[in-house]
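The following exercises concern a predicted model. Please work through each task with the structure in view before reading its solution.

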Amino acid sequence: MSSIAIKVENVSKQYRLGEVGTGTMTHDLNRWWHKIRGKEDPYLQIGETNDRTKKAESEYVWALKNIDFEIQKGEMIGIVGRNGAGKSTLLKILSRITQPTTGTMKVNGRIASLLEVGTGFHPELTGRENIFLNGSILGMKKHEIASKFDEIVEFAGVERYIDTPVKRYSSGMYVRLAFGVAAHLQPEILIIDEVLAVGDSEFQRKSIAKMEQVCKDEGKTLIFVSHNSAAIQRLCQKCVYLKEGQMVLFDETDKIIQHYNKDSYEADLIKNGKFVGESNNKSFGNFKVKISEFAFYNATTGEETYIFKSGESVEIKLRYTSNSYENDKIGMIGLGLQIFNANGQFVTVLNNAMAYKVFRNAPLNGVLTCILPKLPFMFGDFYVRPNLIVDGEVAEQYMEGIKITVEEYDFYGTGISNAHGRQGVYIEQSWLDIEV
Amino acid sequence: MNKEEHWDLEIKPKAGLLEVNFKELFAYRNLLVLFIKRDLSTVYKQTVLGPLWYVIQPLFTTIVFSIIFNNIAGIKTGVVPAFLFYLAGTCLWTYFNDSLLSTSRAFTDNSGIFGKVYFPRLVLPLSRVLSGFIKFLVQLGLFLVVYAYFIIFTDVALKPNWQLVFIPLVLLLLLLLGLGFGLIISSLTTKYRDLQHLLGFGMQLAMYASPVVYPMFKVSDKWYGKYLWLNPMSSFLELFRYGFFGDYTVNLWYLVYSSVFTVIILGGGIIMFNKHEKSFMDTV
């Protein structure tokens, strides 16, 4: 037997948009007419990629298009992607709920999937009866369930309610019991959709630990969908990254998460680098004074760039314009620069007032320059978001920051960079001799 | 990688028409039993009378039928007491009707489960008809009690005869007929919901096209009499009554016709169900 657990070959899934029912009969007849003449399905040749935000031009859409990957036995694979990227569709095909439109999927081993809370639970039945029912639905034998029964109840922590109909359960108890059954199923392949979010943090920790144990100790294969990148990073070595129904990457988790975060950060608004032009939906404010140019320079060479090395000297320049300010005079102008990392977490903020520099009676047009003598970021992408304040009001603030990329480099000049791909910061440090 | 790779499972876009995975179905027999138990035990949860409803329903229907059709409309039922006649008809018809209706809703009622987890889909309609069968057995018990009462305490000329041995076969065929029709309808309703509306009153009309409220000999001299035999239910109902009562007509050829009809419907039902079970989640 090969060591591959799941092999997905060129799988695509087409869906029809709009109201199902209208016109299906004519389409069905047309399909049938093509089929008896030995021609290909006419509706398979059309269809668009699945960008949910754009208005559709075709009635048919590819929820998944040409997905291809292999999962080895014992691997823990995460699937990431934004809403509507096709994650659930892929899981549905993997767990045999729906079939692919084209392509094949080959599996070695028993699959159990937990796609939603309380799958197959009947509200009128008690917890005990539902454990048996649910276990059987998932393909367990009766004696297997019986031998695991106590463990399941204990894991779920619902001893008191085990003989109460599950319709009286809280949603947390529901998911605990459901996950308890699935986790004790002992399938060779476990597929888990974003279901754990319902439980409290104690339960989430417990279930992630359980999944880790099941996969690492018992060599089970796991496929896990989550928007919680910490859980994905902890559990999965590799990830599939889906975007608009297509597989963007199948690679190591850290790379995927970085790529994914970057994408989702950029998705709506920002482009790499300089932003020139009029104010639009990329920024907000009273626009009495506008940002006409926002750019980064290497202070040593004077070149405009958006890629820096740790420890380099950086100049940030912002050109503002104002054609018709009251009294042709700006009372006070100030600039804040918020800096976020690739995960969208706030890192720090720069501000002229913080650095004892105040601009009073500023000209109507001008350039503000901020100098960072030693760029302290270790590695990765950072986003700098300008906020121009004029006379106490926000004149213009970007919705999202401008991206700069920081390459790992010797910040302290000692030959040791020590960043190892981590997105932290360096701070100045000094050490004393050993005191005796 | 060697050429002869082994896969436990291959998922492809299309599958064969009559391809029923009996091995897999057998592996899930536990689930079948649990589904039957669930169907039986949840219907009357939080009710006072519980399983008594199984007999109350046919009892009252029979009383109403006896009054309307026998007493008011004056349909004579031969030597057989009207109550017994209608009880037999009602039990059998309800059994067929329930098998058909519950199977026909297999997809739409269970879209929740079907959408989240895989198991051989045929388990569900099977469990439905089998739990219907168990319910029918209770009603058959009621019929036998009433039947015994008439034999022991009255002097009506009921002649139970050797054709009683066919009764289990009739019951099986009825179940398969209901299942077959149900499977066809369940497959079609996933796309064309119109059928669900048609079904409700269609089954009501179908009852009047079957010898439930009248014996076949009453219509045999009418011009439409022989067409009524084309209804596969006619022979089944008549044979059932013939076995118990020794009255009424049974024609072997009509019986063969009904049996063949059942097998064809069942085959067609399985084909359609198989075709739709893999894609129905996208249309339902």
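**Exercise 1. Two helix pairs in chain B**

In this predicted model, α8(B) crosses α12(B) with left-handed geometry. Describe the packing of α8(B) against α12(B), and state which residues form the contact.

*Solution.* Begin with the axes: those of α8 (residues 167-189) and α12 (residues 252-277) of chain B come within 7 Å and cross at roughly 35°. Next, list the residues. From α8(B), the contact includes L173(B), L176(B), L177(B) and F181(B); from α12(B), those taking part include I265(B), L266(B), G268(B) and G269(B). Finally, classify them: 12 residues of this contact are nonpolar, 8 polar and 1 charged.

Now determine how α4(B) is oriented relative to α7(B).

*Solution.* Helices α4 (residues 82-104) and α7 (residues 123-153) of chain B have axes 9 Å apart and pack at an angle of about 175°. An angle over 145 degrees counts as roughly antiparallel, and α4(B) is therefore roughly antiparallel to α7(B). Among the residues that meet are L84(B), L87(B) and C91(B) of α4(B), with V129(B), G132(B) and F136(B) among their counterparts in α7(B). By class, the contact of α4(B) with α7(B) comprises 13 nonpolar, 5 polar and 2 charged residues.

**Exercise 2. A covered helix in chain A**

Establish how many residues of α3(A) are buried, and identify what covers them.

*Solution.* Helix α3 of chain A spans residues 127-137, and 10 of its 11 residues are buried. The buried residues include G127(A), I131(A), F132(A), L133(A) and I137(A). Their cover includes α4 and α5 of chain A, together with α2 (29-43) of chain B. Just after the helix, G139(A) adopts a positive phi of about 100°.

**Exercise 3. The surroundings of P165(A)**

Is P165(A) buried, exposed or partly exposed, and which residues does P165(A) contact beyond its neighbours within four places in sequence?

*Solution.* First locate P165(A): it lies in the loop between α4 (142-156) and α5 (171-183) of chain A. Then count: 18 other C-beta atoms lie within 10 Å, so P165(A) is partly exposed. Outside its neighbours within four places in sequence, P165(A) is in contact with P123(A), E124(A), L125(A) and T126(A). Its C-alpha is also 8.8 Å from that of R128(A), although the two residues are 37 apart in sequence.

**Exercise 4. Chain A as a whole**

Summarise the secondary structure, burial and contacts of chain A.

*Solution.* Chain A contains 8 helices and 22 strands. Of its 436 residues, 39% are buried. Among contacts in chain A with a separation of 6 or more, 70% join residues 24 or more positions apart.

How values were computed
Residues are numbered from 1 along each chain as its sequence is written. Chains are lettered from A and ligands numbered from 1 in the order in which they are written. This is a predicted model: local features need pLDDT of at least 70, side-chain atom pairs count only at pLDDT 80 or more; totals for chains, interfaces and linings use all residues. Helices (H or I, at least four residues) and strands (E, at least two) are DSSP runs, numbered from the N terminus. A residue is buried if 20 or more other C-beta atoms lie within 10 Å of its own, exposed if 12 or fewer, and partly exposed in between; C-beta atoms are placed from the backbone. Two residues are in contact if their C-beta atoms, placed from the backbone, lie within 7 Å. Axes are lines fitted to C-alpha atoms, for helices over the stretch in contact, and angles run from 0 to 180 degrees between N-to-C directions. A crossing is left-handed if the near helix is turned anticlockwise from the far one by less than a right angle, and right-handed if clockwise. Ala, Val, Leu, Ile, Met, Phe, Trp, Tyr, Cys and Pro count as nonpolar, Asp, Glu, Lys and Arg as charged, and the others, Gly among them, as polar. Angles under 35 degrees count as roughly parallel, over 145 as roughly antiparallel, 65 to 115 as roughly perpendicular and the rest as oblique.
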